[in-house]
Amino acid sequence: AAVELFSTAIQLDNENPQAFLERAQVHFDSNEKNLASSDLNRYRHLSGNQPETFFTLANVYTDWGELDKALENYSIVLEADSEWFWVYLERAELLFMLGRNEEAKQDIEQFVSSSSQFNESSYALLEAADLQLKWGLFNEAIQTYTVTTEKEPDLVNAYLGRGKAYLAIGNLEQANHDLDQFLDLNEFRLGWAYEERAHAYQDFSYFEQAIQNYTLAIDLLPENPHLYVDRGFAYTYMDEPDKALSDFNSAIALNELTSRAYTGRGKVYYSSGELPKSLLEYNRSLEIDPNDVFTIVNRGISYYDLDQLDQAMDDFKQSISLNNEYPWGYAYRGLIHEIRGNLDDAITDFSRAIELGIRDAWLYNNRGRAFYYTGMYEEASKDLHIAIEQNPFFDAPYQWRGLSYMNLGEHEAALQDIHQYRELYLGEDKQFIDEWILEIQTLKGE
């Protein structure tokens with residue numbers, strides 16, 4: 001019906017670029033990509049060589065996942081008109097997603113420089129600092145937040161952001177100072193301010209401080225069920241299941257439609273190995289909010305651990321269809337692809353999860369293992385090196401990197417890794433590891 005509507009509009013005025021743009025999106029949503037591209041080209045032709053045209057095209061290509069084309073169009077905008085300097089931030093985001101971090105850093109620096117040149121407000125700098133924080137440029141974010149606060153000392157979110165950046169680099173003293181300043185500037189909405197501080201501490205795994213701030217927020221806002229849910233999750237991460245369940249139950253008592261409270265109970269049961277009970281709680285949550293991607297993925301994980309891979313795959317696919325920027329759906333769908341031997345699809349999903357912000361040893365190990373199984377030993381060793389840097393006490397990356405080195409003929413490095421794997425491996429039967437060591441020694445000529 002939508003295609004017919006826009007087609008009728010085009011018949012009435014075939015020089016209307018907006019109608020072609022809208023129909024292109026409908027075609028794309030219907031998986032008619034050739035028709036979508038044709039309409040988008042027509043939009044481009046009718047709209048002319050204006051910065052607005054290329055900016056719109058860049059946004060469309062971003063939504064369609066065609067990031068190289070989006071970059072190309074953002075670049076055209078910047079070349080055409082220097083006053084569109086805020087496009088540097090849009091392009092930086094894409095460059096980060098593609099792993100081109102140095103180029104992204106340069107774009108942010110150019111944006112900050114241009115902001116001063118065009119006397120932009122401190123909110124523009126705040127946006128740049130937030131992007132640096134999001135992509136792990138914590139020291140750079142601190143610098144940009146500092147410039148922002150010097151320009152506008154009462155900009156409360158700059159202190160919140162800088163406090164998070166300090167938490168990320170482990171400078172708790174400076175973080176507390178900034179988060180106290182954030183609190184002082186919110187004296188007329190203290191409940192909300194304590195909640196935001198708690199989120200900041202929790203985001204960077206300072207769970208004790210998070211619980212303290214949630215408790216202060218609850219004292220001021222005792223009828224807010226979401227505060228109990230958030231504190232319950234903090235207790236979950238502190239491995240205090242009884243306190244977590246008490247908070248989730250309190251949230252449900254205040255409002256039985258608090259879906260995340262059931263999700264929280266599901267995670268408590270999952271952590272204790274009670275997988276069928278976790279599924280019951282996740283299902284209760286999804287009856288209230290059927291589109292909660294976080295809960296869908298967690299239910300999928302329970303199915304995965306129960307070896308119900310079809311149901312797990314359905315959940316991970318659904319999470320991606322609902323939010324294609326939520327990384328954990330890709331991370332776990334990749335595991336099922338790997339189990340089923342679809343290694344290229346597994347690597348694609350693991351890579352997408354990394355692009356979207358999961359940068360932990362578990363995921364780099366998974367992608368490295370998939371690279372190993374495809375015979376891409378150089379790529380495998382690079383990922384496994386990152387995994388080991390992030391968690392040197394995680395045994396699996398040493399295994400896969402050692403085997404990759406063996407296949408690359410780097411026998412000394414292979415031996416070192418397999419010995420380290422043997423030391424960290426908690427299983428009782430280590431014969432298979434000893435056989436690998438013997439094989440490598442033979443290849444080495446010992």
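# Chat on a helical model

User: Starting with D239: buried or exposed?

Analyst: D239 counts as exposed, since its relative accessibility is 65%, and the cut-off for exposed is over 50%. Keep in mind that this is a predicted model.

User: Where is D239 found?

Analyst: In the loop between α14, residues 225-237, and α15.

User: And what's the phi of D239?

Analyst: About 60 degrees, so positive, although D239 is not a glycine.

User: OK, stepping back. How many helices and strands are there in the protein?

Analyst: The protein has 26 helices and zero strands.

User: What does the C-alpha trace span along its principal axes?

Analyst: About 75 × 60 × 45 Å.

User: How much of the protein is buried?

Analyst: Of its 446 residues, 50% are buried. The area the protein exposes comes to about 22200 Å², and 45% of that is supplied by carbon and sulfur atoms.

User: And what share of the contacts comes from residues 24 or more positions apart?

Analyst: If you take contacts with a separation of 6 or more, residues 24 or more positions apart account for 44% of them.

User: Back to that loop, then. What does α15 pack against, and at what angle?

Analyst: Helix α15 (residues 241-254) packs with helix α16 (residues 259-271) at about 160 degrees, and their axes are 9 Å apart. Angles over 145 degrees count as roughly antiparallel, so α15 and α16 fall in that class.

User: Which hand is the crossing of α15 and α16, left or right?

Analyst: It's a left-handed crossing.

User: Which residues of α15 and α16 meet?

Analyst: α15 brings P241, A244, L245, F248, N249, A251 and I252, and these meet A261, Y262, G264, R265, V268 and Y269 of α16. Sorted by class, that contact has 10 nonpolar residues, two polar and one charged.

User: Let's try another pair. How do α11 and α12 pack?

Analyst: Helix α11 covers residues 172-184 and helix α12 covers residues 190-203; the angle between them is about 160 degrees and the axes are 10 Å apart. That angle makes α11 roughly antiparallel to α12.

User: What's the hand of the crossing where α11 passes α12?

Analyst: Right-handed for α11 passing α12.

User: Which residues in α11 and α12 meet there?

Analyst: On the α11 side you have L172, N176, L179, D180, F182 and L183. They meet L190, W192, A193, Y194, E196, R197, A200 and Y201 of α12. The class count for this contact is 10 nonpolar, one polar and three charged residues.

User: Now the N-terminal end. What about α3 and α4, how do they pack?

Analyst: Helix α3 (residues 33-47) packs with helix α4 (residues 51-63) at about 165 degrees, axes 9 Å apart. α3 and α4 are therefore roughly antiparallel too, and their crossing is right-handed.

User: What makes the contact?

Analyst: From α3 there's L40, Y43, R44 and S47, and from α4 there's E52, T53, F54, T56, L57, V60 and Y61. That works out as six nonpolar, three polar and two charged residues.

User: What sits in the loop between α2 and α3?

Analyst: N31, for one. Its phi is near 65 degrees, a positive value in a residue other than glycine.

User: N31, buried or exposed?

Analyst: N31 counts as exposed, at 59% relative accessibility.

User: And S30, where does that lie?

Analyst: S30 lies in the loop between α2 (17-29) and α3 as well. With a relative accessible area of 44%, S30 is partly exposed.

User: How far is S30 from V3, in sequence and in space?

Analyst: S30 and V3 are 27 residues apart in sequence, and 9.9 Å apart in space, C-alpha to C-alpha.

User: Last one: R367. Which helix is it found in?

Analyst: R367 is in helix α22, residues 361-373.

User: Buried or exposed, R367?

Analyst: R367 is buried, because its relative accessible area is 15% and buried means under 20%.

User: What is R367 in contact with, leaving aside neighbours within four places in sequence?

Analyst: With those neighbours left aside, R367 is in contact with I347, F350, S351, I354 and D383.

Terms used: Residues numbered from 1 in each chain as written. Predicted model: local features only at pLDDT ≥ 70, side-chain atom pairs only at ≥ 80, totals over all residues. Heavy atoms only, no water. Axes fitted to C-alpha atoms, helices over the stretch in contact; angles between N-to-C directions. Helix = DSSP H or I, 4+ residues; strand = E, 2+ residues; numbered from the N terminus. Parallel < 35°, antiparallel > 145°, perpendicular 65-115°, else oblique. Left-handed = near helix turned anticlockwise from the far one by under 90°. Contact = heavy atoms within 4.5 Å. Nonpolar A, V, L, I, M, F, W, Y, C, P; charged D, E, K, R; others polar. Buried < 20%, exposed > 50% of the residue type's maximum accessible area, 1.4 Å probe, protein only. Areas by Shrake-Rupley, 256 points an atom, 1.4 Å probe, with all protein chains shown as cover.
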